[in-house]
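Good morning, and thank you for making time on the agenda. I should like to take you through one model, beginning with a contact and ending with the overall fold.

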Amino acid sequence: VVPLLIALGYTPQRAVGTSFAAILLVGLSSLVGHAKLAEVDWKAGLLLGAGGVVGAQLGPRLLQHVPGSVFQKVFACVLAALAVWMFFKK
């Protein structure tokens with residue numbers, strides 16, 4: 001979602017924040033669906049969620065000190081590296 005929002009003219013910081021609003025709604029809906037099928041590891045989910053809460057508070061404060069152009073380049077490199085890793089992963 002972030003690359004699409006940036007392409008639509010959002011600043012990187014606003015694109016990230018807006019994508020998290022969408023993720024919240026999709027995530028809650030998905031959690032309900034998977035919980036009904038008993039496909040949720042609640043312990044792992046809560047541990048990951050706790051780390052995410054900490055990161056969600058630190059991330060925006062750090063991101064406000066990073067120029068948008070730098071963020072875009074770093075984000076693009078991370079996405080490209082993940083794509084290469086996924087492509088060659090067995």
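Let me begin with a term: a polar contact is a pair of N or O atoms within 3.5 Å; within protein, one must be able to donate a hydrogen and the other to accept it, and residues adjacent in sequence count only if both atoms are side-chain atoms. What we have here is a predicted model, in which local features need pLDDT of at least 70 and side-chain atom pairs count only at pLDDT 80 or more, while totals for chains, interfaces and linings use all residues. Residues are numbered from 1 along each chain as its sequence is written, and side-chain values use heavy atoms, with hydrogens and water left out.

The contact I have in mind involves His 65. A polar atom of the His 65 side chain lies 3.5 Å from the backbone oxygen of Arg 61. His 65 itself sits in the loop between α3 (42-63) and α4 (68-88); helices here are DSSP runs of H or I with at least four residues, strands are runs of E with at least two, and both are numbered from the N terminus. Is His 65 buried or exposed? It is exposed, because its relative accessible area is 63% and the cut-offs are under 20% for buried, over 50% for exposed and in between for partly exposed, with a 1.4 Å probe and protein chains only. Leu 25 is 40 residues from His 65 along the chain, and their C-alpha atoms are separated by 28 Å.

A second loop residue deserves attention. Ala 38 is placed in the loop between α2 (12-36) and α3, and it counts as exposed at 64% relative accessibility. Its phi is near 55°, a positive value in a residue other than glycine. For context, most residues other than glycine have a negative phi.

I turn now to the aromatic residues. Rings of Phe, Tyr and Trp (its six-membered ring) pair if their centres lie within 6.5 Å; planes under 30 degrees apart count as stacked, over 60 as edge-to-face and the rest as tilted. How many aromatic pairs does this rule give? The count comes to two. Phe 71 and Phe 75 are stacked, because their ring centres are 5.6 Å apart and their planes are at 15°. These two residues are four apart in helix α4, so about one helical turn separates them. Phe 71 is buried, at 15% relative accessible area, whereas Phe 75 is partly exposed, at 26%. The other pair, Phe 87 and Phe 88, is edge-to-face, with 4.9 Å centre to centre and 85° between the planes. Both Phe 87 and Phe 88 are exposed.

Phe 71 also has a distant sequence partner: Pro 12 is 59 residues away along the chain, yet the two C-alpha atoms are separated by 7.0 Å. Similarly, Ser 19 in helix α2 is 17 residues from Val 2 in sequence and 6.2 Å from it in space, C-alpha to C-alpha. Ser 19 counts as buried, at 6% relative accessibility.

On the surface, Leu 82 lies in helix α4 and is partly exposed, with a relative accessible area of 42%.

Finally, the overall picture. The protein has four helices and zero strands, giving the pattern α-α-α-α along the sequence. Its radius of gyration is 16 Å, where a compact globule of 90 residues would be near 12 Å; this radius is taken over C-alpha atoms, and the globule rule is 2.2 Å times the number of residues to the power 0.38. The C-alpha atoms fill a box of roughly 45 × 35 × 25 Å along the principal axes. Buried residues make up 10% of the 90 residues.
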